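These notes are meant to be read with the structure open alongside, and they go from the sheet to the loops beside it and then to the charged pairs and the surface.

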Amino acid sequence: MEPKDAVAFFRAKGFQITDQWFEMETEAHAKAFTVAKAMRMDILEDIREATDAAISEGITEREFINRLAPVLKKKGWWGKDTWKDAQGNEREVQLGSVHRLKTIFRANTATAYSAGRYRRQLAGVERRPYWQYSAVMDSRTRPSHAALNARVFRWDDPIWQYIYPPNGWGCRCMVRAFSARDLERRSLTVEDG
């Protein structure tokens with residue numbers, strides 16, 4: 001099934017052309033689709049279209065790369081290039097690459113799925129008002145995320161404004177929603193963030 005809330009979140013985004021990812025504030029990234037150094041609208045639209053298909057059709061990372069790389073190569077947005085800034089200074093920039101496409105895929109799909117999950121959890125807060133942070137808990141998990149693992153806070157605790165996943169670059173964490181009865185059965189305690 002199409003993840004409707006994730007698709008709606010992604011499709012509601014506008015476009016923003018940027019040279020560097022940090023040119024946009026964090027909140028702006030939730031409202032506009034951007035790819036650093038995709039300075040032409042046709043390139044940005046191609047990447048967005050492929051990302052939309054990944055989210056709405058469940059296309060894998062490999063398929064995303066295999067579909068998009070030839071398009072970007074044909075348009076010349078691939079490999080390294082030399083750009084001049086306004087003062088005439090040259091700098092080497094990385095345009096498209098397999099690594100960049102993986103980053104684009106992972107960041108955008110994770111954010112869209114998380115936004116969709118958040119919307120569904122908000123819609124169900126009357127039945128499941130307790131949210132538990134769930135980290136992956138492997139060798140790649142950040143210590144700060146591991147410290148949050150299994151902790152439970154009410155959905156309206158202000159802490160969720162800061163820790164709701166994705167909670168930082170490359171975050172793989174998620175949130176589980178529970179009822180009071182679920183907490184009882186699992187012997188979980190609600191904390192104050």
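1. Two strands are taken to pair here if DSSP finds at least two bridges between them, and the model to which this is applied is a predicted one. On that basis four strands form an open sheet, with the order β7-β5-β6-β8 and mixed pairing. Strands β7 and β8 (190-191) stand at the edges with a single partner strand each, so one side of each of them is left without a neighbour in the sheet.

2. Strand β5, which covers residues 130-134, pairs with strand β6 (residues 152-154) in the antiparallel sense over three bridges. With strand β7 (residues 174-178), β5 likewise pairs in the antiparallel sense, here over five bridges. W131 is a useful residue to follow by eye, since it stands opposite F153 in β6 and also stands opposite A177 in β7. A further pair to look for is that of Y130, whose bridge partner in β7 is F178.

3. How many of the residues of strand β5 are buried? Five of its five residues are, and the strand is accordingly described as mostly covered. The side chains divide between two directions, with Y130, Q132 and S134 pointing one way from β5 and W131 and Y133 pointing the other way, and all of them are buried.

4. T141 deserves a careful look in the loop between β5 and α6 (143-148). Is T141 buried or exposed? With a relative accessibility of 17%, T141 counts as buried, because the cut-off for that class is under 20% relative accessible area. A polar atom of the T141 side chain lies 3.0 Å from the backbone nitrogen of M137, and the backbone nitrogen of D138 is likewise 3.0 Å from a polar atom of that side chain.

5. When residues up to four places away in sequence are not counted, T141 touches A135, V136, A146 and R172. Of these contacts, the one with R172 spans 31 residues in sequence, while the C-alpha atoms of T141 and R172 are 8.3 Å apart in space.

6. N167 is placed in the loop between α7 (160-163) and β7, and this residue is buried, with a relative accessible area of 17%. Which side chain does N167 join through a polar contact of 3.4 Å? The partner is the side chain of Y133, a residue of β5 that is itself buried. Leaving aside residues up to four places away in sequence, N167 touches R142, H145, L148 and Y162 as well as Y133.

7. Over the whole structure, a search finds 14 salt bridges. In one of them, R106 meets E61 with the closest N and O atoms 2.6 Å apart. Because R106 lies in helix α5 (residues 98-123) and E61 in helix α4 (residues 61-74), this pair ties together parts that are 45 residues apart in sequence.

8. A second salt bridge, between E63 and R67, has its closest N and O atoms 2.9 Å apart. Both residues belong to helix α4, and they are separated by about one helical turn because they are four residues apart. E63 is partly exposed, with a relative accessible area of 33%, and R67 also counts as partly exposed, at 44% relative accessibility. Elsewhere, salt bridges that share partners join R40, D42, D46 and K75 into one network.

9. Within that network, the side chains of D42 and R40 meet in a salt bridge of 2.8 Å, N to O. D42 is partly exposed, its relative accessible area being 26%, and R40 is partly exposed as well, with a value of 40%.

10. The last point concerns a nonpolar surface patch of about 310 Å², which is made by F15, I17, M39 and M41. Of these residues, M39 is found in the loop between β2 (32-33) and α3 (41-57). M39 is partly exposed, with a relative accessible area of 41%, and it can therefore be counted in such a patch, for which over 30% relative accessible area is required.

Conventions: Residues are numbered from 1 along each chain as its sequence is written. This is a predicted model: local features need pLDDT of at least 70, side-chain atom pairs count only at pLDDT 80 or more; totals for chains, interfaces and linings use all residues. Side-chain values use heavy atoms; hydrogens and water are left out. Patches are made of residues with over 30% relative accessible area and no salt bridge: like charges are joined within 9 Å, nonpolar side chains (Val, Leu, Ile, Met, Phe, Trp, Tyr) within 5 Å. Accessible areas come from the Shrake-Rupley method with a 1.4 Å probe; for residues, only the protein chains shown count as cover. A salt bridge is a side-chain nitrogen of Lys or Arg within 4 Å of a carboxyl oxygen of Asp or Glu. Buried means under 20% relative accessible area, exposed over 50%, partly exposed in between (1.4 Å probe, protein chains only). Contact means heavy atoms within 4.5 Å. A polar contact is a pair of N or O atoms within 3.5 Å; within protein, one must be able to donate a hydrogen and the other to accept it, and residues adjacent in sequence count only if both atoms are side-chain atoms.
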